[in-house]
Every structure is written in structure tokens, then in C-alpha cells.
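Please read the report below alongside the sequence and the structure. It takes up a sheet, some ring pairs, one loop residue and the confidence values in turn.

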Amino acid sequence: MNARSRVWGWVVATVSALGCGGGDTPPGSLPASLEAPKRLFAIDSLGSTDGDDSFGFIVDVALSSEGALAVSQWGLFEVWVFDPRGRKQVLGRFGDGPGEFASVPDVAWRGDTLVVVQGPESRISLMAGDGRYLRGHATVPRSASARYGSVGYLRSGLTVAAPRTSSSSTPEPNPILLFSTEGQILDTLGEARHRRVSADAALPNGRGFVFLNPLANYTRTELSPDGRYFGTADELEGPDGSELQFVLYDDTGNELGRTAVGVETDPGSDDDVLERTGDIVESLSTRHGLPVASVRKSILEAVQAPDRLPALSRFLVDNAGNLWVGSIVKGGRVFWRAWNIEGDLVRTWIADPDLELKQIHDGGAVAVRRDDVRGWRVVFVRPNAEENSH
């Protein structure tokens, strides 16, 4: 289907009811057993190797209630916005003035207003759908003692900032901050913790190296696509699995509830996690003249002492306030579980390894995929839909 004439498959039919609270699945019920989660299939996509909709490295995507899609890309100082029929408009340009961006790590929609989060200062810019700059403010004070990275703009106009994860150390916990529209700190929402971010590994030839865990165990923070909810997910690991601890807040920073659930991890899935670090393994194998299998074994021995890789690999919050956890299982696929804040498991999905889910809506999800043939693409998926060739 030509991008200029398409309407995103499930968007028009379902996105207007995203806040309804869970579709036809009553709270506490489980539509599919853990042994048979619903598989996600692509029903539409956007992107190609050339032309106006050819993407580079996609960093973030956001889908509005009207079906407008915003896409930010690495090294591109602008945001591409596609209407429901695939027509593209470019918002922003390079610079540090109003409506200008130095980088764009995050995008979101609040009604028909596009929220652009700029890095590294995490400045919030609000843009009209036609590209006009509306207003903006800085959210994070420049501080050497606490680096902040994850930022989200709530429906109320308040902003949440969570500490940035350090890739090679285990820093002390830092508070999650709530900012006013003037950029003033209003409150703190607990602390974000970082654990077992890296491991010291030893190769069979005696050479040591630091392996940066691809699934670093730290407090995850996420907003719902419509900005109604803000959630945190923390993982406490044990010998047979993990306890996932969740906290849910509303758009004013009030705590709505907290729950903890146990997740068993499959020891056999650790090896599948390393499929996502193939370049690292290949590089070490070539550099040291060692078989790939021995390098993989050394890494697994390092990250499994004393615990296995984290069960919580990805975390999202939907517009109903459900807390979604993605964990890697056999074959490198990602098993998604959804809990409500009462701790009831309400939905289970399974996604192929090349799909990185960015937003979960009531009828499906928006993901990105790196396709060796077609380049980077935005992919619209839904459970148990017919697979097509987009």
C-alpha cells in the first residue's frame, strides 16, 4: 500500500477509545495462558530505503489520538510528523532558539500538541500540529552530582525527570523529580536505583574485560502515551526469578497504588539475550582469536554470578494504567505481560526479536524495526491479526 494513501490499520478504529481501561478484557481475567500468549503481527508500516519517508536510526515514536505519527531520529535535529494518510511534515530545525532542537531523544502527543524533549539539557518544547512553536521550559538543573535523562511530559503540564542510567558503574540512588511548567522542582517521587550495570568477565586466554549488561537492572520509568499516568518498575532478583515492584502515579504526581509480582526466569533464555550483543561477541572473538562459543560462555559466567540476567528487559505503561513488562525468552522473542495496579495479570503478548515496542494502545502497539533490506521502519502491530508483507 502506498504511504501516501494509507490509514494506519487499527488506529482510526481504536485509538479514540484508548483511555477506556482495557477493551473487552475485564480486570483480573487472563485472555491467554502463559503457555499461549497472543502473538503480535504487523498490520501496517512506514519507511523505506529511499524517498521522503526513508528513516535513519529511529529513536522514538508517538501516536496521537487523531492518528498523527511523530518520529525522532538519531542525529536529525527535527521531528517528522505523518498524518493518518502518510503525508509528512517536518517540524523544527537545528539550533537552541524557540522551535529549534539540538537533539530529540523523546516525542509525545498531548491532545493535538506535540511535545519535544531536547537533550542533553532535557528542555521541553510544545509545538502545534502545523509546526508553530507554542512554549517551552527547561526541566533539569545542570548538576554534576546527578545526571538526569529520562523525561516525560504529563497531561497536566507537569514534567517527570528520572536519573539517567550510567553504563559502567552503580551510582547511589537519585530522586525522581516532578517539575512545574516554569521548570521548578515541585516534588520527588521516590528514588531510581541502579544495580549490576556491568560485570567483570575473563576470557579463556586470561584477558579480562568489562561486559556492559545489555539488560542493566535499574529502576524503569515510563509515561502512558496520553500522559495520564506515570509508572516505575523495579526488579529484585532471586535464585529462581525476579520480584517486580511497580508504583503508579496520576498526572499530578499522586500515587495511585503499588504492587509486586513474581516472575520466574528461564535459565535457557540467558543465551538468547546474547543474540542482542552479537557485534560485541564477534569483535571479542576476532580480536582475541577465540571461538564465539567460548566468548559467549565467558560472558554468561560473569553475568550469572551471583544472579542471572534480569527478567525485566523493557517496561511500558498503557493509557489504562496497566504496567507492561517485556522479557526475553527462548528464540530471542520478547514475552510481554500486563498487570493492573492490583497485581492482576490481564494480558500476555509475544513479539518477534526485531520488534521494539515503543507505545502500547488498547488495540495494539507501535514499534520500530531495523530491516536489513528496507531500513528502519515504524511498524503497527496487533495480536493475532493476519500477517502481511508491509
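## Strands 24 and 25

Strand 24 and strand 25 (residues 323-328) run antiparallel and are joined by four bridges. This is a predicted model. One of the residues to look at in strand 24 is Leu316, whose bridge partner in strand 25 is Trp324. The hairpin made by strand 24 and strand 25 has five residues between the strands, and Gly321 in this hairpin takes a positive phi near 85 degrees.

The side chains of strand 24 point two ways: Arg314 and Leu316 to one side, Phe315 and Val317 to the other, and all are buried.

## The eight-stranded sheet

Strands 24 and 25 belong to an open sheet of eight strands, in the order 24-25-26-27-1-30-29-28, with mixed pairing. Its edge strands are strand 24 (314-317) and strand 28 (356-360), each of which pairs on one side only. From one strand to the next, the twist averages 30 degrees.

Inside this order, strand 1 stands beside strand 30. Strand 1 and strand 30 (residues 375-383) pair in the antiparallel sense over six bridges. Asp44 has Phe380 of strand 30 as its bridge partner.

## Aromatic pairs

How many aromatic pairs does a search of the whole structure find? The search finds eight. One of them joins Phe55 and Trp80, with ring centres 5.6 Å apart and planes at 35 degrees, so the pair counts as tilted. The two residues are 25 apart in the chain and the pair links distant parts of it: Phe55 lies in the loop between strand 1 (38-46) and strand 2 (58-63), while Trp80 lies in strand 4 (residues 79-82). Both Phe55 and Trp80 are buried.

A tilted pair is also formed by Phe246 and Trp339, at 5.8 Å centre to centre and 35 degrees between the planes. Here the partners are 93 residues apart, with Phe246 in strand 22 (residues 241-250) and Trp339 in strand 26 (residues 334-339). Are these two residues buried or exposed? Phe246 has a relative accessible area of 1%, so Phe246 is buried. Trp339 has 5% relative accessibility and therefore counts as buried. The cut-off for buried is under 20%.

## Around Trp80

Trp80 takes part in a cluster in which ring pairs link Phe55, Trp80 and Phe82. The charged end of Lys88 sits over the ring of Trp80, 3.7 Å from the ring centre.

## A buried loop residue

Leu154 is found in the loop between strand 12 (148-153) and strand 13 (159-163). Why does Leu154 count as buried? Leu154 counts as buried because its relative accessibility is 1%.

Gly227 is 73 residues from Leu154 along the chain, yet the C-alpha atoms of the two are separated by 4.4 Å. With neighbours within four places in sequence left aside, the contacts of Leu154 include Gly227, Arg110, Leu178, Tyr229 and Asp251.

## Confidence in the model

The protein chain has a mean pLDDT of 77, and 72% of its residues reach 70 or more. Among the elements, strand 28 has the highest mean pLDDT (94), and helix 1 (residues 11-14) has the lowest (48).

The pLDDT is below 50 over residues 1-5, a stretch with 12 contacts in the model beyond near neighbours in sequence. Over residues 386-390 the pLDDT is below 50 as well, and this stretch has 16 contacts beyond near neighbours in sequence.

Definitions and conventions: Residues numbered from 1 in each chain as written. Predicted model: local features only at pLDDT ≥ 70, side-chain atom pairs only at ≥ 80, totals over all residues. Heavy atoms only, no water. Phe/Tyr/Trp six-rings, centres within 6.5 Å; stacked < 30°, edge-to-face > 60°. Buried < 20%, exposed > 50% of the residue type's maximum accessible area, 1.4 Å probe, protein only. Lys NZ or Arg CZ within 6 Å of the ring centre and 35° of its normal. Pairing = 2+ DSSP bridges. Axes fitted to C-alpha atoms, helices over the stretch in contact; angles between N-to-C directions. pLDDT = per-residue confidence, 0-100. Contact = heavy atoms within 4.5 Å.
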